[in-house]
Amino acid sequence: MIATPAHEGAHLPAPRPLLLSLRPRFAQAILEGTKTVELRRTRVSAPPGTLLVLYASSPVMAVVGVATLADRDTDGPEVIWRRYRRKVGLGRAEYSEYFAGAEYATALSIIAPKPLPEPLTLSWLRSHGAFQPPQSYRYIAPTDPAPLAELAVAWTN
């Protein structure tokens, strides 16, 4: 590891928040702290320290909390299973089904989960501007509703 001065990088802007779509049971497990690794079938390039905005899919359909990306690890599905199986919140059969045919698996290590005091429902977000939740994940964009951008700013300060 190369040492860098403490001030180096201090002028860099914070990474853009990442909006993650999750099954409601996984969103809840992350917020409870029982699931500390989220899985994706593709590489995720967000750097450690990125704010994760947690969107629980149907039937909840709401932004339910935030967390911080501690680290990410991409490798073959078998390797990722061996490294993180106790942290992913699902059994081997469900894991194998999810990664069937995938060349890569990405493990997102999650820290500091915080539920929102009130979920931001899909209908509420759409009443404040154009909003489409991602199938898997995407960065929060300037075109997203202002309350979503404000949420990102509030939790990163």
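Here are legends for several close-up views of this protein, which is a predicted model.

**View 1. The whole chain, to get your bearings.**
Start with the inventory: the protein's secondary structure comes to 5 helices and 6 strands. If you follow the sequence from start to finish, the pattern reads β-α-β-β-β-α-α-β-α-β-α. There are 157 residues in the protein, and buried ones make up 40% of them. Now for the contacts with a separation of 6 or more: 71% of these are between residues 24 or more positions apart. As for the outside, the protein exposes about 8,900 Å², with carbon and sulfur atoms supplying 57% of that area.

**View 2. The sheet, strand by strand.**
Here 6 strands make an open sheet, and walking across it you meet them in the order E2-E5-E4-E3-E1-E6. The pairing is mixed. Strand E2 (37–40) and strand E6 (137–139) stand at the edges with a single partner strand each, so one side of each has no neighbour in the sheet. On average, neighbouring strands are turned by 35° against each other, direction ignored.

**View 3. Where E3 meets E4.**
Let's zoom in on one pair of strands. E3 and E4 run antiparallel, and 6 bridges join them. Want one residue pair to look for? Find Leu52, then look in E4 for its bridge partner, Ala67.

**View 4. Two helices against the strands.**
Helix H1 lies across E1, E2, E3, E4 and E5, and it runs at about 90° to E5. Helix H2 (residues 77–84) packs on the sheet too, touching E2, E4 and E5. The direction of H2 makes about 110° with that of E4.

**View 5. The largest nonpolar core.**
This view goes inside, to a core of 17 residues, the largest nonpolar one. The residues with the most contacts inside it are Leu18, Leu20, Leu22, Leu52, Leu54 and Val64. Strand E1 (18–22), helix H1 (24–32), strand E3 (51–56), strand E4 (62–75) and strand E5 (105–121) each give two or more residues to this core. E4 gives the most, with 4 residues. There is also a second, separate core of 14 residues, which includes Leu19, Val66, Leu120 and Leu148.

**View 6. Leu20 and the residues around it.**
Leu20 is one of the residues with the most contacts inside the largest core. Which residues does Leu20 touch, not counting those up to four places away in sequence? The list is Glu38, Arg40, Leu52, Val53, Leu54, Tyr55, Leu108, Ser136 and Tyr137.

**View 7. Thr50, tucked into a loop.**
You'll find Thr50 in the loop between E2 and E3. Is Thr50 buried or exposed? Its relative accessible area is 0%, so Thr50 counts as buried. The side chain of Thr50 reaches the backbone oxygen of Pro47 at 2.6 Å. Leaving out residues up to four places away in sequence, Thr50 touches Pro15, Arg16, Pro17, Leu18, Ala67, Thr68 and Leu69.

**View 8. The loop between E3 and E4.**
Two backbone details turn up here. Pro59 lies in this loop, between E3 and E4, and a cis peptide bond joins Ser58 to Pro59, with omega about 10°. Met61 is found in the loop between E3 and E4 as well. The phi of Met61 is near 50°, a positive value in a residue other than glycine. With a relative accessible area of 36%, Met61 is partly exposed.

**View 9. Ala112, a positive phi within a strand.**
Ala112 is not a glycine, yet its phi is positive, at about 55°. This time the place to look is strand E5. Ala112 is partly exposed, and its relative accessible area is 38%.

**View 10. Gly33 and Lys87.**
Gly33 is found in the loop between H1 and E2. Its relative accessible area is 40%, so Gly33 falls in the partly exposed group. How far apart are the C-alpha atoms of Gly33 and Lys87? Along the chain these two are 54 residues apart, while their C-alpha atoms are separated by 9.8 Å.

Methods: Residues are numbered from 1 along each chain as its sequence is written. This is a predicted model: local features need pLDDT of at least 70, side-chain atom pairs count only at pLDDT 80 or more; totals for chains, interfaces and linings use all residues. Side-chain values use heavy atoms; hydrogens and water are left out. A nonpolar core is a set of buried Ala, Val, Leu, Ile, Met, Phe, Trp, Tyr and Cys residues joined through side-chain atoms within 4.5 Å. Buried means under 20% relative accessible area, exposed over 50%, partly exposed in between (1.4 Å probe, protein chains only). Contact means heavy atoms within 4.5 Å. Two strands pair if DSSP finds at least two bridges between them. Axes are lines fitted to C-alpha atoms, for helices over the stretch in contact, and angles run from 0 to 180 degrees between N-to-C directions. A polar contact is a pair of N or O atoms within 3.5 Å; within protein, one must be able to donate a hydrogen and the other to accept it, and residues adjacent in sequence count only if both atoms are side-chain atoms. Accessible areas come from the Shrake-Rupley method with a 1.4 Å probe; for residues, only the protein chains shown count as cover.
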